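Here is a quick tour of how charged side chains are arranged in one protein model. Have a look at the sequence and the structure first, then read on.

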Amino acid sequence: MYTEETASGNRKFGGAEMEQEIKDTLHLLVGMIDDVGKKVDRLEVRVGSLETRMDRFEERMDRLEEEVQDVKEEQRRMNEKFDSVISMWSDHEVFIRQLKKKKII
């Protein structure tokens, strides 16, 4: 049809030109939406990969926490044994008697 320029410099379209402009804009928007969809898909893949890695990391941390608890328990038992040895040998005379008894001195 026809195109008119308004006083503000904007174009005013007739029926067929306006329809084509709308179609072009819609195609542009669809393309932009497709691009965003592809980016979201890539992000979802990356997030899935990160979640898998985090799960493995959490499993490792759980195993390490168990090991730390085992070490703490072993340390507690060793401290108890050490305390009992110290209490047995704390008296100097008892210590000397034990050494003589074992024929160390």
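Let's start with what a patch is: a patch is made of residues with over 30% relative accessible area and no salt bridge, and like charges are joined when they lie within 9 Å. Keep in mind that this is a predicted model.

With that in hand, which residues gather in a patch of positive charge on the surface? They are Arg-53, Arg-56, Arg-60 and Arg-63. Take Arg-56 as an example from this group: Arg-56 sits in helix 1, which covers residues 15-89. Is Arg-56 buried or exposed? Somewhere in between: its relative accessibility is 42%, so Arg-56 counts as partly exposed, given that the partly exposed range lies between 20% and 50%.

Now for the charges that do pair up. Side chains of opposite charge can pair when their charged atoms come close. Searching the whole structure turns up 5 salt bridges. Here are three of them, including the distance for each pair.

| Salt bridge | N to O distance |
|---|---|
| Glu-73 and Arg-77 | 3.5 Å |
| Glu-74 and Arg-77 | 2.5 Å |
| Glu-80 and Arg-76 | 2.3 Å |

Arg-77 is a good place to linger, since Arg-77 bridges to Glu-73 and also to Glu-74. How far apart along helix 1 are Glu-73 and Arg-77? They are 4 residues apart, so about one helical turn separates them. Glu-74 and Arg-77 are also both in helix 1, with a spacing of 3 residues, again about one turn of the helix.

What about exposure here? Arg-77 has a relative accessible area of 36%, so Arg-77 is partly exposed. Glu-73, at 30%, is partly exposed, and Glu-74 is partly exposed too, with 36% relative accessibility.

Then there is the pair of Arg-76 and Glu-80. These two are 4 residues apart in helix 1, so they are about one helical turn from each other. Arg-76 counts as partly exposed because its relative accessibility is 38%. Glu-80 is partly exposed as well, at 46%. Which residues do salt bridges with shared partners join into one network? The network holds Glu-73, Glu-74, Arg-76, Arg-77 and Glu-80.

To wrap up, helix 1 carries Arg-56, which belongs to the positive patch. Helix 1 also carries the Glu-74 and Arg-77 pair, and both of those residues are part of the salt-bridge network.

Definitions and conventions
Residues are numbered from 1 along each chain as its sequence is written. This is a predicted model: local features need pLDDT of at least 70, side-chain atom pairs count only at pLDDT 80 or more; totals for chains, interfaces and linings use all residues. Side-chain values use heavy atoms; hydrogens and water are left out. Patches are made of residues with over 30% relative accessible area and no salt bridge: like charges are joined within 9 Å, nonpolar side chains (Val, Leu, Ile, Met, Phe, Trp, Tyr) within 5 Å. Accessible areas come from the Shrake-Rupley method with a 1.4 Å probe; for residues, only the protein chains shown count as cover. A salt bridge is a side-chain nitrogen of Lys or Arg within 4 Å of a carboxyl oxygen of Asp or Glu. Lys and Arg count as positive and Asp and Glu as negative; His and the chain ends are not counted. The place of a charge is taken as NZ of Lys, CZ of Arg, CG of Asp or CD of Glu. Buried means under 20% relative accessible area, exposed over 50%, partly exposed in between (1.4 Å probe, protein chains only).
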